Amino acid sequence: MDIGLAGIIFDKIFKNIKFSVLFSMITFLFLNINFENSVPNAFVEFVGIPLGILFCSIILFVKYLEDKKIQIIIFSMLLLLLALCSYEGFITLMPIYPVLAYYFNRNTEKKIKKTILKTIPPFLTACTYLIAYVISGKIVQSGYDGNKMEFVSIQSSLEIILNLFKATIPGNFLFSTKYR
């Protein structure tokens, strides 16, 4: 489902159905198979369903950029909030919205101003989510380290990012000493 939604996003952005279908087919053919905590193998319900909701939000946001209908942006932002509440890691994907707003306003006068104006709803939605996240974290405290907002070190963060990146390479487990 998520691959199909990603194909729809590419079609809406690039207006090229052949490219979108090719992208979807190649993505499906080269899905990584590994034993690490990465999509699509681990946490499918935990990440896959919210990712589909996020993709629907992005599709509606693109439709809003084209049609400029207020009800579309409201529904898009409700889906964005639902996706963020379902999986907090999606907050890192928020730059997609200003990039799309800029892309769709790139040939207009005052493109920076229009981009900023079109990016206000996703920005406010993300701020609403972050405020609710921090408040709920203060009200209901947890001992689980995976949901705390703290920074350990740049080196440990880069090591985690590198390991997750390597885990997404198709066939990575064939070359990893961890699985021999």
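**Helices, core and salt bridges of a predicted model**

Trainee: Is Asp67 buried, partly exposed or exposed?

Mentor: A residue is buried under 20% relative accessible area, exposed over 50% and partly exposed in between (1.4 Å probe, protein chains only). Asp67 has a relative accessibility of 33%, so its class is partly exposed.

Trainee: What kind of model is this?

Mentor: Residues are numbered from 1 along each chain as its sequence is written, and side-chain values use heavy atoms, without hydrogens and water. Local features need pLDDT of at least 70 and side-chain atom pairs pLDDT 80 or more, whereas totals for chains, interfaces and linings use all residues, since the model is predicted.

Trainee: How many helices and strands does the chain have?

Mentor: Helices (H or I, at least four residues) and strands (E, at least two) are DSSP runs numbered from the N terminus. Read along the sequence, the pattern is α-α-α-α-α-α-α-α. The count is eight helices and zero strands.

Trainee: Which residue forms a salt bridge with Asp67?

Mentor: A salt bridge is a side-chain nitrogen of Lys or Arg within 4 Å of a carboxyl oxygen of Asp or Glu. The partner of Asp67 also lies in helix H3, four residues away, about one turn of the helix. The closest N and O atoms are 2.9 Å apart, and the partner is Lys63.

Trainee: The structure holds two salt bridges; which residue pairs with Glu66?

Mentor: Side chains of opposite charge can pair when their charged atoms come close. Glu66, in helix H3, is joined to a residue 51 positions away, in the loop between H1 and helix H2 (17-29). That partner counts as exposed at 56% relative accessibility, whereas Glu66 is partly exposed at 31%. The N to O distance is 2.4 Å, and the partner is Lys15.

Trainee: How far apart in space are Lys12 and Glu66, C-alpha to C-alpha?

Mentor: Lys12 is in helix H1 and counts as partly exposed at 24% relative accessibility. Contact means heavy atoms within 4.5 Å, and, leaving aside neighbours within four places in sequence, Lys12 is in contact with Ile59, Val62, Glu66 and Phe104. Although Lys12 and Glu66 are 54 residues apart in sequence, their C-alpha separation is 9.6 Å.

Trainee: Which element gives the largest share of the largest nonpolar core?

Mentor: A nonpolar core is a set of buried Ala, Val, Leu, Ile, Met, Phe, Trp, Tyr and Cys residues joined through side-chain atoms within 4.5 Å. This one has 30 residues, of which Leu54, Phe61 and Tyr97 touch the most other members. Two or more residues each come from helix H1 (2-14), helix H3 (44-67), helix H4 (70-86), H5 and H6. The largest share, twelve residues, comes from H3.

Trainee: Why do the buried residues of helix H5 (residues 96-105) lie on the same side of H5, and what arc do they cover?

Mentor: The buried residues of H5 are Tyr97, Leu100, Ala101 and Asn105. The arc is that of the directions from the helix axis to the C-beta atoms. These residues are on the same side of H5 because their arc around the axis is only 125°.

Trainee: Which residues does Tyr97 contact, leaving aside its neighbours within four places in sequence?

Mentor: Tyr97 is one of the buried residues of H5, and it is among the core members that touch the most others. Its contacts are Leu54, Ser57, Ile58, Phe61, Met77, Leu80 and Pro122.

Trainee: Which helix gives the largest share of the nonpolar surface patch?

Mentor: Patches are made of residues with over 30% relative accessible area and no salt bridge, with like charges joined within 9 Å and nonpolar side chains (Val, Leu, Ile, Met, Phe, Trp, Tyr) within 5 Å. The nonpolar patch, of about 690 Å² (Shrake-Rupley method, 1.4 Å probe), is made by Tyr102, Ile112, Ile116, Leu117, Ile120, Phe123 and Leu124. Leu124, for instance, is partly exposed at 49% relative accessibility. Six residues, the largest share, come from helix H6.

Trainee: What is the phi of Lys110?

Mentor: Lys110 lies in the loop between H5 and H6 and is exposed, with a relative accessible area of 61%. Its phi is positive although the residue is not a glycine, with a value near 55°.
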